[in-house]
Amino acid sequence: MSTATHVHEEHHHGPAPGLSRWLFTTNHKDIGTMYLLFSLLMFFVGGAMALIIRAELFQPGLQIVDPHFFNQMTTVHALVMVFGAVMPAFVGLANWQIPMMVGAPDMALPRMNNWSFWILPFAASLLIISLFAEGGGPAAGWTMYPPLVLQTGAAFPYLIFSVHLLGMSSIMGAINVIATILNMRAPGMNLMKMPLFVWTWLITAYLLIAVMPVLAGGVTMLLTDKYFGTSFFNAAGGGDPVMFQHIFWFFGHPEVYIMILPAFGVISQIIPTFSRKPLFGYSSMVYATGSIAFLSFIVWAHHMFTVGMPLAGELFFMYSTMLIAVPTGVKVFNWISTMWKGSMTFETPMLFAIAFVILFTICGFSGLMLAIAPADFQYHDTYFVVAHFHYVLVPGAVFSLMAAAYYWLPKWTGHMYDEKLGKIHFWLSVIGVNVLFFPQHFVGLAGMPRRIPDYALQFAEFNMISSLGAFLFGFSQLLFVYIIFKAIRGGQQATDQVWEGAEGLEWTLSSPPPYHSFETAPEVK
Amino acid sequence: MLVNFFVRLRSVITISALLLWSACASAAYELNMPVGVTDTSRSVYDLHMLIFWICVLIGLVVFGVMFYSMYHHRKSKGAVAAQFHESTTVEIIWTVVPMLILIGMAIPATQVLIAMEDTSEPDITVKVTGYQWKWGYEYLDEDIQFFSSLSTPREQIANAETKGEHYLLEVDNPLVLPVGKKIRILTTAADVLHAWWVPALGWKRDAIPGFINDSWTVIKEPGTYRGQCAELCGKDHGFMPVVIEAKSEEDYQQWLADMKGEAAQVAAAEAVDREWTQEELMSKGQEVHDGVCASCHQAGGTGVPGAFPPLVAGQVFNAPEPMLQPLREMGFLGPDNTIVMGPVEQHTQIVLKGIPGSAMQAYAEQLSDAEIAAVITYQRNSWGNDTGDVVQPSTIKSAR
């Protein structure tokens with residue numbers, strides 16, 4: 001209450017009125033909100049495309065779309081979800097939470113913060129309108145492998161420039177995160193006292209800065225191959241199409257961890273809160289995150305075991321990939337040890353966090369299977385891989401985002417969300433996601449390649465089940481939107497601490513927190 | 001509330017188990033990787049199952065502990081939180097134990113991988129070339145080469161007819177291989193990336209334009225083995241299956257002899273120096289058009305707006321300028337982007353050499369003189385095109 005009057009009395013401390021508040025804002029909370037709402041919108045755009053895919057795959061035969069449009073859907077669905085939904089959502093969380101968690105008033109570079117957000121809608125629009133270009137949208141897969149991607153029509157430059165812009169936005173966001181964490185921590189908060197969410201984001205930000213320029217370089221080479229007569233990826237001109245795959249996956253594998261490390265951070269905040277017990281093995285969690293980040297740079301060619309690498313290469317990438325299981329295992333064991341002998345309650349954020357631990361472990365298992373190069377010769381480019389990475393990204397990254405939304409919504413809005421609806425949303429989601437993706441393991445093992453609009457009859461039953469799961473999961477998310485907006489509009493007033501077991505600086509602020517989080521730095525002991 | 005959770009969990013598990021059981025009961029469901037018909041595929045399957053069971057075991061332990069904790073360490077059961085948060089000993093244990101398990105997996109995996117890479121001393125070498133959207137097979141020791149494309153009728157794909165047993169997994173000319181011989185398979189591609197995959201052999205290998213990959217197999221049992229292209233290669237990626245017919249050595253030799261005899265017959269029938277009638281050309285031309293050209297230009301020659309030009313004079317083709325320019329230069333595009341029937345010589349050149357930088361490939365190697373002559377005749381005299389041109393195979397021969 002005192003905060004509200006404060007804002008009215010001293011106008012320059014509060015948000016500007018009207019639209020200009022959002023256009024010109026340099027406030028970490030406003031920008032965080034925009035990031036989160038933007039990513040929610042993109043989640044539905046990409047989700048609609050996924051539903052088109054699953055509707056076509058509901059039965060064998062071509063029913064709804066033609067194969068070319070189907071390929072456009074798989075391509076743009078992936079790009080929208082990766083660059084439009086998951087990554088911006090985590091940047092949104094970083095914006096809201098990092099200043100509050102390290103005891104800072106705002107992000108270190110607020111104007112760049114504004115810019116890095118406002119690039120996004122334009123980049124995403126470029127990508128989406130490319131679907132209406134002559135010759136159709138990009139249809140060569142989100143991996144953009146040449147020579148196929150060079151057959152793209154008028155959509156090609158839209159695709160390339162959109163990736164450039166998205167990369168610029170990510171790099172700026174990452175610089176901001178690093179600058180904030182390294183310079184603006186409250187007195188007494190040394191690195192090994194930072195909340196784990198802050199740690200995982202710090203490491204993620206370094207990954208982003210390391211690999212986004214690699215992607216930008218790769219797609220620029222595609223651009224010059226297409227329009228300026230270069231032959232980087234054209235064997236007839238002395239180039240090599242496989243080189244693009246090496247470049248892409250040198251970006252692509254760290255990219256996977258860019259989308260999952262902050263999720264680890266979120267889960268490491270939530271499980272201790274609802275277990276009412278400190279995180280088990282804090283320092284080993286930090287070292288495990290660092291190890292995973294390091295390993296992410298030396299495993300990329302496991303995405304391309306079938307391109308015909310020398311035996312030594314295949315062995316190296318097989319062993320290095322298997323190693324990832326060790327730090328990842330440490331994380332899972334630590335989460336479970338945190339729960340062990342705790343005093344647990346199961347509010348919606350905890351339910352999502354538990355589902356994350358279980359389902360993420362399942363994708364860890366399928367990941368370990370995929371790491372075995374000789375077996376990967378069977379798994380590669382099948383629905384087994386589709387199931388594997390969707391388990392990483394949906395019950396992994398997306399569930400952690402939902403857990404984070406429920407966990408911090410009361411802090412952000414000042415209102416408790418509707419717990420009953422939250423639980424219904426959780427159960428619909430967790431059932432939907434498993435009905436959707438689990439059968440895909442089976443069809444993949446049985447021999448169904450990915451990215452096909454039509455399939456042989458022996459895959460029919462599991463595809464139908466999978467599509468039903470997709471519609472259940474997809475439409476359940478409307479409930480999520482309803483719950484969020486209901487909490488924004490009103491509800492039971494949240495206390496400052498919100499959750500009984502919550503610890504950390506953000507819970508010492510009022511709910512909702514003041515416009516500038518910490519005007520005087522708190523003391524951390 | 002948690003009891004509630006467990007009741008619900010139990011019902012979920014029951015339902016999933018029922019689903020799984022009914023799945024196993026029905027032969028139409030395929031749950032697992034095929035064991036296959038080669039030593040390689042068997043060792044890959046064993047490796048797959050070994051790691052699967054290790055994962056199941058780890059999963060049971062990890063989730064078991066987790067569910068135990070979730071049941072017993074609940075606030076509603078009066079659990080009071082302990083405050084321990086560190087133990088170097090257990091951290092070391094759960095780093096070292098997984099390492100040992102991984103080493104246990106890596107040893108057999110390495111052995112299988114080394115065996116898979118040994119392509120030395122083959123009995124037979126077959127070169128496999130991926131095209132948008134068919135496979136080309138070439139027996140390097142024999143003088144045999146042919147193309148293999150999807151034979152499922154378009155009506156089945158469009159749901160106008162009942163789908164056959166091998167829907168989408170059937171071809172006009174299967175790859176015929178002998179059993180019990182070491183076959184070296186070279187993969188490459190003519191246009192974009194493809195991947196050649198038959199699950200029963202136990203591996204897939206990318207087909208890369210400009211590069212040749214080699215793999216090998218020894219098929220143990222005669223039979224028909226089906227697979228598909230596994231690397232996204234454009235519009236009809238889902239419609240270029242691989243079919244292998246594995247025959248006994250005797251039957252294989254017979255097939256080779258038949259192929260050579262048949263090749264001579266076809267050559268005689270397609271004699272280039274013979275004068276063909278227009279009816280002959282038109283009927284063969286339709287066959288070639290529907291089999292080869294229609295996947296892009298459509299059976300009625302209508303094309304696809306923005307991607308594949310129509311073949312019908314008078315239709316409008318709006319597309320990016322780089323796509324229109326070669327058409328205009330060769331005389332196939334009139335004002336307002338209307339398709340016109342350009343000179344027959346240019347038409348021949350396009351079919352023979354393709355249009356570089358577009359999806360139109362060169363058919364000089366893929367089609368015979370008679371086939372090219374027929375399809376050009378057909379296209380120039382169908383769907384309202386009435387040039388009256390009759391192209392003879394001899395003309396194509398001299399145009400090459």
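Me: Helices are DSSP runs of H or I, at least four residues, numbered from the N terminus. In this predicted model, how do you know that helix 16 of chain A reaches about as far as expected?

Reply: Helix 16 (residues 460–489) has 30 residues, and the expected span is 1.5 Å times one less than the number of residues. That comes to 44 Å, and the first-to-last C-alpha distance is 45 Å, close to it. Just after this helix, A:Gly491 takes a positive phi of about 135°.

Me: What makes A:Phe473 in helix 16 of chain A count as buried or exposed?

Reply: A:Phe473 is listed as buried, so 20 or more other C-beta atoms lie within 10 Å of its own. Other buried residues in the helix include A:Phe462, A:Gly469 and A:Ile483. Among what covers the buried residues are helix 3 (28–56), helix 14 and helix 15 (419–446) of chain A.

Me: Why is the set with A:Val86 and A:Ala403 called a nonpolar core?

Reply: Because buried nonpolar residues joined through C-beta atoms within 7 Å make a core, and this one, the largest, has 249 residues. A:Val86 and A:Ala403 have the most contacts inside it. Helix 14 (residues 383–413) of chain A gives the largest share, 22 residues.

Me: Which residues does A:Val86 touch, leaving out those up to four places away in sequence?

Reply: A:Met81, A:Met259, A:Leu393, A:Ala397 and A:Val398.

Me: How many residues does each chain put into the contact?

Reply: Chain A puts in 84 and chain B 89. On chain A's side, helix 11 (residues 325–339) gives the most, eight residues. By class, that side has 52 nonpolar, 23 polar and nine charged residues.

Conventions:
Residues are numbered from 1 along each chain as its sequence is written. Chains are lettered from A and ligands numbered from 1 in the order in which they are written. This is a predicted model: local features need pLDDT of at least 70, side-chain atom pairs count only at pLDDT 80 or more; totals for chains, interfaces and linings use all residues. Two residues are in contact if their C-beta atoms, placed from the backbone, lie within 7 Å. Helices (H or I, at least four residues) and strands (E, at least two) are DSSP runs, numbered from the N terminus. Ala, Val, Leu, Ile, Met, Phe, Trp, Tyr, Cys and Pro count as nonpolar, Asp, Glu, Lys and Arg as charged, and the others, Gly among them, as polar. A residue is buried if 20 or more other C-beta atoms lie within 10 Å of its own, exposed if 12 or fewer, and partly exposed in between; C-beta atoms are placed from the backbone.
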